[in-house]
Amino acid sequence: MTTPPAPAPAGAAGAPDTLEAPAAPASPWTLALHRVRRRRTAQAGAAIIAFFVLAALLAPLLTAVSGTGPDTVDKGAVDPYLGGLPRGPLGGVSARHWLGVEPLLGRDVFARLLYGAQISLLVACVSALLITLIGTVLGITAGYFGGRTDAVISRFMDIMMSFPSLIFMIALLSVARDVNRVVLLIGVMSVFSWPYIARVVRGQTLSLKHREYVEAARASGTTHRRVLFGEILPNLTGTVIVYVTLAIPGLIGTEAALTFLGVGIRPPTPSWGQMISDAVLYYKVDPMFFILPSACLFLVVLAFTLVGDALRDALDPKGSRT
C-alpha cells in the first residue's frame with residue numbers, strides 16, 4: 001500500500017501563498033451604469049446633450065469669437081430689393097455669419113441658436129426639478145400616511161390633471177404682461193405638470209411602506225421623517241431620475257410650442273420656438289432659417305428621450321432589453 005503524498009508546505013512551488021478574496025458584488029447603480037454604457041443610442045444621446053449644454057454655456061465666448069451677438073442687426077447682410085432676404089447662399093452663410101442671418105433684420109442665426117439653447121435648457125431643466133420636487137414630496141406623503149392625507153392630496157392631483165393644461169397655460173401667459181417671461185414659463189409649466197410624477201411616486205410608496213426594512217424602522221421608534229427620507233426615498237431614486245430625463249424633452253417642446261404661439265418668450269430674447277415661428281413666413285425662399293432651429297429642437301428632444309429610455313431599461317432589470 002502506497003502512502004499518499006504529504007501536502008506541500010506554505011511557500012513551496014505550486015502552492016499559493018494566500019487565498020484570493022472573492023470579488024465584491026457590484027452595486028445596482030454600477031450595473032445600471034454599465035447597461036447604459038453598452039447602449040449606443042444612450043451614448044449618442046449623451047453626446048448630443050453634452051454638445052448643446054457646452055454650446056449654451058459657452059455662448060458668450062463663441063459669439064465673441066464670431067463677432068456678432070444675438071441682437072446685432074446687420075442690414076448689409078440682407079437684400080432690401082428682395083424683401084430683406086439674406087445675401088449669399090444657404091441663408092447668407094459667410095465668414096462673418098457662420099450659419100447665415102435672419103431675413104429682414106439680418107440678425108446672426110448662429111448667435112441666436114446658442115442663446116436659444118440657453119433658454120430652452122434653462123426653462124426645461126428648472127421646470128423638471130421643480131416638478132420632481134413638488135411631485136415627489138406630495139406623492140411620498142400621500143402614499144406613506146394614507147387615510148385622509150392621501151384622500152386630500154389625491155383629489156387635488158385629480159383636479160389639477162383634469163384641467164386642459166395647454167389652454168390654461170396659453171390663457172395665463174396671455175394676460176401676464178410686464179413680468180419675467182422665463183420665470184413665468186417655469187412657474188406655469190411646473191404648476192400643471194407635477195401631478196403626473198406625484199401619482200407614480202405615490203404608487204411606489206404604497207408598495208414600499210409595507211417592506212420589512214420599513215416596518216423594522218417604524219418598530220424601532222424611527223420618526224416618520226427619517227423613514228420617509230431615509231428608507232423610502234432612496235428606493236425611489238431610480239424612478240425619479242428616469243422621470244426627470246423623460247420629462248425634460250416634453251418640457252422643451254412645451255416651451256417651444258408656447259413661444260411659437262406667441263405667449264412664451266418674447267422678443268428680443270432669442271428662443272428656438274420664436275425662430276421657428278418667424279421662419280414660417282420664409283421657409284420657401286429661405287429654408288435654412290427654418291431648418292436650423294427645428295433641427296436643434298429635434299436633436300435635443302431626441303437625445304433626452306434616448307437617454308431616458310436607456311436609464312429606464314437599465315434601472316428595471318426585469319424589463320431591460322440589454
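Helix H2 makes the largest contribution to the nonpolar surface patch of this predicted model, supplying 3 residues. The patch itself consists of Val53, Leu54, Leu57, Leu58, Leu61, Val65, Trp98 and Leu99, and its members together present about 730 Å² of accessible area. Two elements give two or more residues to the patch, namely helix H2 (40-57) and helix H3 (59-66). Leucine 58, one of the patch residues, is placed in the loop between H2 and H3. This residue counts as partly exposed because its relative accessibility is 39%, a value that falls between the 20% limit for buried residues and the 50% limit for exposed ones.

The chain as a whole contains 12 helices and 2 strands. In sequence order, these elements follow the pattern α-α-α-β-β-α-α-α-α-α-α-α-α-α. The chain has 322 residues, of which 41% count as buried. Its accessible surface amounts to about 17700 Å², with 67% of that area belonging to carbon and sulfur atoms. Among contacts with a separation of 6 or more, 72% are accounted for by residues 24 or more positions apart.

A contact between residues far apart in sequence is found at leucine 292, which is located in helix H12 (residues 287-315). Leucine 292 has a relative accessibility of 16% and therefore counts as buried, the limit for this class being under 20%. When residues up to four places away in sequence are not counted, leucine 292 touches Leu99, Val109 and Leu113. Of these partners, Leu99 also belongs to the nonpolar patch described above. Leucine 113 is 179 residues from leucine 292 along the chain, yet the C-alpha atoms of the two are separated by 8.2 Å.

Charged side chains were examined next. The count of salt bridges in the model comes to 10. In one of them, the side chains of arginine 112 and aspartate 71 meet at an N to O distance of 3.5 Å. Arginine 112 lies in helix H4, whereas aspartate 71 lies in the loop between H3 and strand E1 (78-79), so this pair ties together parts that are 41 residues apart in sequence. The two partners fall into separate accessibility classes: arginine 112 is buried, with a relative accessible area of 0%, and aspartate 71 is partly exposed, with a relative accessible area of 43%.

Arginine 112 also forms a salt bridge with glutamate 102, the closest N and O atoms being 3.0 Å apart. Glutamate 102 belongs to the loop between E2 and H4 and arginine 112 to helix H4, so the pair ties together parts that are 10 residues apart in sequence. Both glutamate 102 and arginine 112 are buried. Salt bridges that share partners join Asp71, Glu102, Arg107 and Arg112 into one network.

The surroundings of glutamate 102 were considered further. This residue is placed in the loop between strand E2 (85-86) and helix H4 (109-145). Its relative accessibility is 3%, and glutamate 102 therefore counts as buried. Its side chain makes a polar contact of 3.0 Å with the side chain of arginine 112. With neighbours within four places in sequence left aside, glutamate 102 is in contact with Val78, Arg107, Val109, Arg112, Met275 and Phe289. Val109 is also among the residues touched by leucine 292.

A further salt bridge is formed by the side chains of arginine 96 and aspartate 74, which meet at 3.6 Å from N to O. Arginine 96 lies in the loop between E2 and H4 and aspartate 74 in the loop between H3 and E1, so the pair ties together parts that are 22 residues apart in sequence. Arginine 96 is partly exposed, with a relative accessible area of 40%. Aspartate 74, by contrast, is buried, with a relative accessible area of 18%.

Cysteine residues were considered last. A search of the whole structure finds 0 disulfides. Cysteine 125 counts as partly exposed because its relative accessibility is 29%. Cysteine 296 is buried, with a relative accessible area of 14%.

Conventions:
Residues are numbered from 1 along each chain as its sequence is written. This is a predicted model: local features need pLDDT of at least 70, side-chain atom pairs count only at pLDDT 80 or more; totals for chains, interfaces and linings use all residues. Side-chain values use heavy atoms; hydrogens and water are left out. Helices (H or I, at least four residues) and strands (E, at least two) are DSSP runs, numbered from the N terminus. Buried means under 20% relative accessible area, exposed over 50%, partly exposed in between (1.4 Å probe, protein chains only). Contact means heavy atoms within 4.5 Å. Accessible areas come from the Shrake-Rupley method with a 1.4 Å probe; for residues, only the protein chains shown count as cover. Patches are made of residues with over 30% relative accessible area and no salt bridge: like charges are joined within 9 Å, nonpolar side chains (Val, Leu, Ile, Met, Phe, Trp, Tyr) within 5 Å. A salt bridge is a side-chain nitrogen of Lys or Arg within 4 Å of a carboxyl oxygen of Asp or Glu. A polar contact is a pair of N or O atoms within 3.5 Å; within protein, one must be able to donate a hydrogen and the other to accept it, and residues adjacent in sequence count only if both atoms are side-chain atoms. A disulfide is a pair of cysteine sulfur atoms within 2.5 Å.
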